[in-house]
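Biologist: I'm new to this one and would like to learn how to read it. Could you take me through a few features?

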Amino acid sequence: MVFYSQERIGLFIDGSNLYAAARALGFDIDYKRLLDLFAAKGRLIRAFYYTALVEDQEYSPIRPLVDWLDYNGYTMVTKPTKEFTDATGRRKIKGNMDIELAIDVMEMAQYLDHVVLFSGDGDFRRLVEAVQRKGVRVTVVSTVRSQPPMVADELRRQADTFVELQDLESMIARTAPLHRDDRAAPDYDD
């Protein structure tokens, strides 16, 4: 990854896409470590996290993460999911955040030197091209090592730099807390 110490960096995280990519690679993201990693690379201006939320649900498994991110340096962009029935009669839930992410990237481009996009969605290729024309470098973070690959080839080609998510694993993966039972027991045998 090529970053310059004085460049202004913006992180744009497609939450569901990053979650799926990390899961496909077999690890969970530690969002504090991720923020710290990129804050050390330059001047981190803003870190956006995009996710749709199911409303009217007693408990949402993503709510604790959303709340934590909101209190710990991320700008949260959320919207309620839409529920519909498809042509076969199956209930579907939709929560696409592409437009919100694209608008924020375009609005922030004038304040940034480097956009880091955490998504493999090929729909973002034109967005990447548009901000590059404004003089902003774009790094895409996703994976080609999952089956199937999580990054669209056209997005990967358009980016100035592609970073394989698995290569960041040692720096951003959540590490399991050390439990009392996991510690080595002292040997008292005589």
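Biologist: How do helices α4 and α5 lie relative to each other, parallel or antiparallel?

Modeller: Keep in mind that this is a predicted model. To judge a pair of helices, look at the angle between their axes; under 35 degrees counts as roughly parallel. Here α4 (residues 98–108) and α5 (residues 125–133) pack at about 5°, so the two are roughly parallel. Their axes run 10 Å apart.

Biologist: Which residues of α4 and α5 meet?

Modeller: From α4 come L101, A102, V105 and M106, and they meet L127, A130 and V131 of α5. Sorted by class, that contact has seven nonpolar residues, with no polar and no charged ones.

Biologist: I99 is in α4 too. Is I99 buried or exposed?

Modeller: For that, check the relative accessible area: over 50% is exposed. I99 has 58%, so I99 is exposed. You can also compare sequence with space: I99 and D14 are 85 residues apart along the chain, yet their C-alpha atoms are 11 Å apart.

Biologist: Now another helix. Which residues of α7 are buried?

Modeller: A general idea helps first. An α-helix has 3.6 residues a turn, so residues three or four places apart point the same way. In α7 (residues 165–172), the buried ones are L165, L168 and I172. Looking down the axis of α7, you'd find its buried residues within an arc of 60°, so they line one face of the helix.

Biologist: And what covers the buried residues of α7?

Modeller: The cover includes two helices, α1 (15–25) and α2 (31–39), along with the strands β7 (137–142) and β8 (161–164).

Biologist: Can loops be read this way as well? Take S146, in the loop between β7 and α6 (153–158). Is S146 buried or exposed?

Modeller: Use the accessible area again: under 20% means buried. S146 has 2%, so S146 is buried. Then see what its side chain reaches. A polar atom there lies 2.8 Å from the backbone oxygen of P148, and the side chain also reaches the backbone nitrogen of M150 at 3.4 Å. Setting aside neighbours within four places in sequence, S146 contacts A24 and L25.

Biologist: How many helices and strands does the protein chain have?

Modeller: Seven helices and eight strands. Of the chain's 190 residues, 41% count as buried. As for extent, the C-alpha trace spans about 75 × 50 × 35 Å along its principal axes.

Terms used. Residues are numbered from 1 along each chain as its sequence is written. This is a predicted model: local features need pLDDT of at least 70, side-chain atom pairs count only at pLDDT 80 or more; totals for chains, interfaces and linings use all residues. Side-chain values use heavy atoms; hydrogens and water are left out. Buried means under 20% relative accessible area, exposed over 50%, partly exposed in between (1.4 Å probe, protein chains only). Helices (H or I, at least four residues) and strands (E, at least two) are DSSP runs, numbered from the N terminus. The arc is that of the directions from the helix axis to the C-beta atoms. Contact means heavy atoms within 4.5 Å. Axes are lines fitted to C-alpha atoms, for helices over the stretch in contact, and angles run from 0 to 180 degrees between N-to-C directions. Angles under 35 degrees count as roughly parallel, over 145 as roughly antiparallel, 65 to 115 as roughly perpendicular and the rest as oblique. Ala, Val, Leu, Ile, Met, Phe, Trp, Tyr, Cys and Pro count as nonpolar, Asp, Glu, Lys and Arg as charged, and the others, Gly among them, as polar. A polar contact is a pair of N or O atoms within 3.5 Å; within protein, one must be able to donate a hydrogen and the other to accept it, and residues adjacent in sequence count only if both atoms are side-chain atoms.
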